[in-house]
Amino acid sequence: MNKKVAFYTLGCKLNFSESSTIARSFVNEGFTRVDFSEKADIYVVNTCSVTENADKRFKTIVKQAQKSNPDAFVAAVGCYAQLKPQELADVNGVDLVLGATEKFKITDYLNDLSKNDFGEVHSCEIEEADFYVGSYSIGDRTRAFLKVQDGCDYKCTYCTIPLARGISRSDTMANVLKNAQQISKQNIKEIVLTGVNIGDYGKGEFGNKKHEHTFLDLVKSLDKVKGIERLRISSIEPNLLKNETIELVSKSRAFVPHFHVPLQSGSNTILKKMKRRYMRELYVDRVSKIKEVMPHACIGVDVIVGFPGETDAHFLETYNFLNSLDISYLHVFTYSERDNTEAAKMDGIVAKNVRSKRSKMLRGLSVKKRRAFYESQIGAKRTVLFEGENKEGYIHGFTDNYVKVKAPWNPDLVNTLHKVELTKIDDDGLVRFDFLSHTAEKIRESQNSFKLTRVT
């Protein structure tokens, strides 16, 4: 057959894990996977609907595919494909749109790959998305994204994810552990746990509401899997991050001291309007507990600016709250109206230019927080996992507690773990280091050998 397939993934780590799983189904059918920039017979775009920007990028991506091969078959899957399938089907060049339950059976919908006169839609009612499909990505040599949970039962007023992915449901413990073992056999050093609401793990594990395992059980079990060097929790709701989990991570063999905990607003008034399941006081408790048992831990925060009704006073409350917290960086999202959400009907719309200004202020605060965290780590001895890309003559890597480091490019370092001492912050904000003891001489020899080879 010798047909080629290419993937473009928008959005979160969960989407990347699912794209990788769907790609493996193509390979099993005899397809060869190629880069999206190459000529392919079929292009699959895994869409996102979290931000307005992700929606807009879809048309550009389809045009890019058509430029590579005007006769290629183009399919859209993912969250936006579930929420607005006809809108995607109407985009020039799109042949197939698959919703939440259909995307994992994409090869069943392919006939002769001939271009369609119009986009064909197969999309279920989201209530039918009540079964679980396990996924993991192994495209990156250094880390894999392992999906453990899907869907969400929360009703945050700004969010379309429950409409796009359905109810909260989980993989079985046995299957998660099996997938983790499969990943470890690929010489991948780090696994990142992903899901829509991973702290809710256990719910729907058996296709119903029976709840045998919890997220704490999952963390305990994964920590015992041999061959996994590092485990990282991608994002977990503050109300679901329990003290027991924090304590376990602090004593863990493989789980790293890095937490990403969404806040969304530092104002209790806005948190209530968002229908978040905690107040800012609980968030303070979570950060305090993490820092109590892991003073070196990295803590990332999601925050939304410009939510309906957010006054200057509310925003300053958020800014000052974040400034006072011992956190390491921010992911700042500018609120954008999403159809079929409560927030879209709320009064108190914040002007776009005000949203932009507030976003810029918080991004500036994030730079300050990251710098302060990096400075606090100078002199620390940490373990670094090195990435596989040569970026302008440098290799980059991350410590277990998510400090980004750099060193002169050396291919022998790719996908290896080394104990280092962090020494200084470079002009670009990344951290320099010294290799420790016995490792140092081996690395120097390797570096000199690599330089000699290049000169020769």
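Start by selecting R143 and E387 and showing their side chains: the two meet in a salt bridge, with 3.0 Å from N to O. Keep in mind as you look around that this is a predicted model. Between domain 2 and domain 3, the count is one salt bridge.

Now color the chain by domain. Select 4–126 for domain 1, 135–375 for domain 2 and 378–453 for domain 3. If you place a marker at the C-alpha centre of domain 2 and another at that of domain 3, the two markers will lie 28 Å apart.

Next, bring up the residues where these two domains touch. On one side you will find 19 residues of domain 2, in contact with 22 residues of domain 3. Switch on a surface here: about 1700 Å² is buried between domain 2 and domain 3, and carbon and sulfur atoms give 55% of that area. Then pick out T142, R230 and Y374, the residues of domain 2 that lose the most area to domain 3; together they make up 38% of what that side buries.

Polar contacts are the next stop. Nine residue pairs are in polar contact between domain 2 and domain 3, counting pairs with both residues at pLDDT 80 or more. For the secondary structure, select β11 (230–233) and α12 (352–377), the elements that each give two or more residues to the side of domain 2 that touches domain 3. Linger on α12, since four residues, the largest share of that side, come from this helix.

To finish, color that same side of domain 2 by residue class: you should see six nonpolar, four polar and nine charged residues.

Technical notes
Residues numbered from 1 in each chain as written. Predicted model: local features only at pLDDT ≥ 70, side-chain atom pairs only at ≥ 80, totals over all residues. Heavy atoms only, no water. Domains from an automatic or database assignment. Contact = heavy atoms within 4.5 Å. Buried area = accessible area lost by both parts, 1.4 Å probe. Salt bridge = Lys/Arg side-chain N within 4 Å of Asp/Glu carboxyl O. Polar contact = N/O pair within 3.5 Å; in protein donor to acceptor, adjacent residues only side chain to side chain. Nonpolar A, V, L, I, M, F, W, Y, C, P; charged D, E, K, R; others polar.
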